Amino acid sequence: MDYNEIREKAKEILSPLCLVCKECNGVACRGWVPGVGAKGTGNSFIRNYDYLQRVKVVMDLIYKGEGQDTSISLFGKVFSAPIFVAPIGGMDINYGGRIAEGEYNRRTLVGAKNAGIAAFTGDGANDTYFNEPLVPLKEVHGWGIPTLKPWAVDKVLEKIKLVEELDVLALAMDIDSAGLVHLAKSGKPVFTKSVQDLKEIVDGTRLPFIIKGVMSAEGAKKAADSGAYGIVVSNHGGRVLDNTPATTELLPEIKEAVGDRIKIFVDGGIRTGADVFKAIALGADAVLIGRTFTIMAIGGGAEGVQLHAEKLIAELKDTMLMTGCSSISDISKERIVLPK
């Protein structure tokens, strides 16, 4: 199947739970939580997408062309591009059970690895959300990043032991899940985390630890103080709080606040290789992309995930070519124009 055939197949499978819109911008699925949309008016998801579209790239073709290298080094490994598959869990409550949790994660993990990138896996109120992805994680020899909900610290440390045995790339925690409606309704307690809590988790694992759900310069500084390897600037795709700023809108001030003390990832509304370029120029080291990878996984399996990753990398290369960038380190704020 080609790219468009995979999208049409996904639309058949997912309708009416996800409309597989031509522009995955959050407009049609406002308020679909649980589901594929965002909380309340959906404005957080919509703003993520809209802001990034208003950032423009600056062409420059007068330079010595030596090709475009999109590779990056993170966690002591080399990846083909600064692109990761975001953690999405709860295939039963969010995607109507159209695919099993373990099979979904097998597709994202295998497809991502085949493209030279990596996938995050999820967690949730049902223990299977965390446990089922451990099987395909083992199959790809740990080439992935499990994501924990902000459970009590002792429970987090217990789960860390499971993933350390798999020799995974890193470990993440989406602290913004403390605001997820379905977690609250499930009776599975999640908690905000103090700097001391995060230090205890960092000290409790040999894995690089990533804190997902940071949305301010002050929050980024606190994350850096905890000793974490990285942060993901994320509003959980708009699913935990309505009317937040766009994630990429906050990147410059977060980068200024923490500099190179901590790696900066970002998600939210990133749909093309040009969007990846913009996010890097705004201050990110790498990006996470969720919903569109899920569509390709459901419609095209691991092959669909790989195809989407390769499409994004080709678009990123093309944007770098047209803006005078030979490597990821050449991408800077001078290569973009911010919205007025």
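These legends go with close-up views of a predicted model.

**View 1. Helix α7, end to end.** Let's start with a quick ruler check on helix α7, which covers residues 153-164. At 1.5 Å a residue, its twelve residues should span 16 Å, and the C-alpha atoms at its ends are indeed 16 Å apart, so the two values agree.

**View 2. The two faces of helix α7.** Which residues of α7 are buried? They are Val153, Val156, Lys159, Ile160, Val163 and Glu164. Around the axis they cover an arc of only 140°, so they sit on the same side of α7. The spacing makes sense once you know a bit about helices. An α-helix has 3.6 residues a turn, so residues three or four places apart point the same way. Now look at the face turned away from the buried side: there you'll find the exposed residues Asp154, Glu158 and Lys161.

**View 3. What covers the buried side of α7.** Several pieces of the chain help to cover the buried residues of α7. Among them are the helices α5 (128-131), α6 (134-139) and α9 (195-203), plus the strands β6 (145-148) and β7 (171-174).

**View 4. Strand β10 and its neighbours.** Strand β10 takes in residues 263-267, and four of its five residues are buried. It has a parallel partner in strand β9 (residues 230-233), joined to β10 by four bridges. Strand β11 (residues 286-289) also runs parallel to β10, with three bridges joining the two. Find Val266 in β10 and you can see both pairings: Val233 stands opposite Val266, and in β11 the bridge partner of Val266 is Val287.

**View 5. Two crossovers through helices.** How does the chain get from β10 to β11? It crosses through helix α12 (residues 273-281), and this β-α-β crossover is right-handed. Strand β9, helix α11 (residues 247-258) and β10 make a right-handed β-α-β unit too.

**View 6. Ser226 in its loop.** Follow the chain from α10 (217-225) towards β9 and you meet Ser226 in the loop between them. Is Ser226 buried or exposed? With a relative accessible area of 4%, Ser226 is buried, because buried means under 20%. Leaving out residues up to four places away in sequence, Ser226 touches Val195, Leu198, Lys199, Val202 and Ile211.

**View 7. Inside the largest nonpolar core.** The largest nonpolar core has 107 residues, and those touching the most other members are Phe75, Ile83, Phe84 and Ile231. Which helix gives the most to this core? That's helix α13 (residues 291-322), with ten residues.

Definitions and conventions:
Residues are numbered from 1 along each chain as its sequence is written. This is a predicted model: local features need pLDDT of at least 70, side-chain atom pairs count only at pLDDT 80 or more; totals for chains, interfaces and linings use all residues. Side-chain values use heavy atoms; hydrogens and water are left out. The expected span of a helix is 1.5 Å times one less than its number of residues. Buried means under 20% relative accessible area, exposed over 50%, partly exposed in between (1.4 Å probe, protein chains only). The arc is that of the directions from the helix axis to the C-beta atoms. Contact means heavy atoms within 4.5 Å. Two strands pair if DSSP finds at least two bridges between them. A crossover is right-handed if, with the strands pointing away from the viewer, the path from the first strand over the helix to the second runs clockwise. A nonpolar core is a set of buried Ala, Val, Leu, Ile, Met, Phe, Trp, Tyr and Cys residues joined through side-chain atoms within 4.5 Å.
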